[in-house]
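Thanks, everyone. I have one chain to show you today. Please bring it up on your screens and follow along.

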Amino acid sequence: MLFAPQECGGNDAARRERLRPFHVDEEFMARRPGALLLHDLPARRGDEVSGAVLDGPRSVAWTQSAMKLSGAMAVLERFVGSQAPETPATPGTPAVSGPSDA
């Protein structure tokens, strides 16, 4: 574990209470008529954001999360995929390293 529970905010009830001013609910969104909800998920419904806002018409959290997934997969493929060992040639089959000179 990187952090002790005390460093991360203590027990859940105390943590929730300290973060209450940052909770996004219908009242908060009503005060900002042009705002959209962004959240990269996973969200703690009821703690960070109300379910009605997260699933509401002004939430783009699900689209944002889908784009995050595609981006993460591309990064993994780029860096982990390029380090994958090359497949050895089957015995009796010449290894191909590039275009033939034929």
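**A walk through the chain**

Let me start inside, with one valine. Leaving out residues up to four places away in sequence, Val24 touches Met29, Leu37, Glu48, Val49, Ser50 and Val53. Keep several of those names in mind. The largest nonpolar core has 8 residues: Val24, Met29, Leu37, Leu41, Val49, Val53, Leu54 and Ala61.

Now, a word of caution. This is a predicted model. Mean pLDDT for the chain is 79. Of the residues, 70% reach 70 or more. Residues 1–5 fall below 50. Beyond near neighbours in sequence, that stretch has 2 contacts in the model. Where pLDDT is low, predicted coordinates should not be read in detail. I will leave that end alone.

Next, the overall layout. How many helices and strands are there? The chain has 4 helices and 0 strands. Along the sequence the pattern reads α-α-α-α. H1 covers residues 12–19. H2 is 26–30. H3 is 51–54. H4 runs over 61–79.

Some totals. The chain has 102 residues, and 14% of them are buried. The accessible surface is about 8400 Å². Carbon and sulfur atoms account for 61% of that surface. Now take contacts between residues at least 6 apart in sequence. Of these, 49% join residues at least 24 apart.

On to the loop between H2 and H3. Please find Leu41, which lies in that loop. Leu41 is also one of the core residues. Is Leu41 buried or exposed? Leu41 counts as buried because its relative accessibility is 11%, and the cut-off is under 20%. The backbone here deserves a look. Phi of Leu41 is near 55°, a positive value in a residue other than glycine. Then comes the peptide bond from Leu41 to Pro42. That bond is cis, with omega near 5°. Pro42 sits in the loop between H2 and H3 too.

Now for the charged pairs. Side chains of opposite charge can pair when their charged atoms come close. How many salt bridges does the count give? The count is 3. Let me take each in turn.

Arg16 and Asp47 first. Their side chains meet at 3.1 Å, N to O. This pair links distant parts of the chain. Arg16 is in H1, Asp47 is in the loop between H2 and H3, and they are 31 residues apart. Arg16 is partly exposed, at 34% relative accessibility.

Then Lys68 and Asp40. Their closest N and O atoms are 3.7 Å apart. Again, distant parts of the chain are linked. Lys68 belongs to H4, Asp40 to the loop between H2 and H3, with their positions 28 residues apart in sequence. Both ends are partly exposed: Lys68 at 41%, Asp40 at 38%.

And Asp55 with Arg45. The N to O distance here is 2.8 Å. Asp55 is in the loop between H3 and H4, and Arg45 is in the loop between H2 and H3. They are 10 residues apart. Asp55 is partly exposed at 48%, and so is Arg45 at 44%.

Stay in the loop between H3 and H4. Arg58 is there as well. What does Arg58 contact, leaving aside neighbours within four places in sequence? The contacts are Met29, Arg32, Pro33, Gly34, Ala35, Leu36 and Leu37. Two of these, Met29 and Leu37, are core residues. Look at Pro33 in particular. Pro33 and Arg58 are 25 residues apart along the chain, and their C-alpha atoms are separated by 9.6 Å. Arg58 itself is partly exposed, with a relative accessible area of 26%.

Last stop, the surface. Which residues form the nonpolar patch? Val75, Leu76, Phe79 and Val80 do. Together they offer about 400 Å² of accessible area. Leu76 is in H4. Leu76 counts as exposed because its relative accessible area is 54%, and the cut-off is over 50%.

To wrap up, three places to revisit on screen. Go to the cis bond from Leu41 to Pro42. Go to Arg16 and Asp47, the pair that links H1 to the loop between H2 and H3. Finish at the nonpolar patch with Leu76. I will take questions now.

Note on methods:
Residues numbered from 1 in each chain as written. Predicted model: local features only at pLDDT ≥ 70, side-chain atom pairs only at ≥ 80, totals over all residues. Heavy atoms only, no water. pLDDT = per-residue confidence, 0-100. Contact = heavy atoms within 4.5 Å. Core = buried A, V, L, I, M, F, W, Y, C linked by side-chain atoms within 4.5 Å. Buried < 20%, exposed > 50% of the residue type's maximum accessible area, 1.4 Å probe, protein only. Patch = residues over 30% accessible without salt bridge, like charges linked within 9 Å, V, L, I, M, F, W, Y side chains within 5 Å. Areas by Shrake-Rupley, 256 points an atom, 1.4 Å probe, with all protein chains shown as cover. Salt bridge = Lys/Arg side-chain N within 4 Å of Asp/Glu carboxyl O. Helix = DSSP H or I, 4+ residues; strand = E, 2+ residues; numbered from the N terminus.
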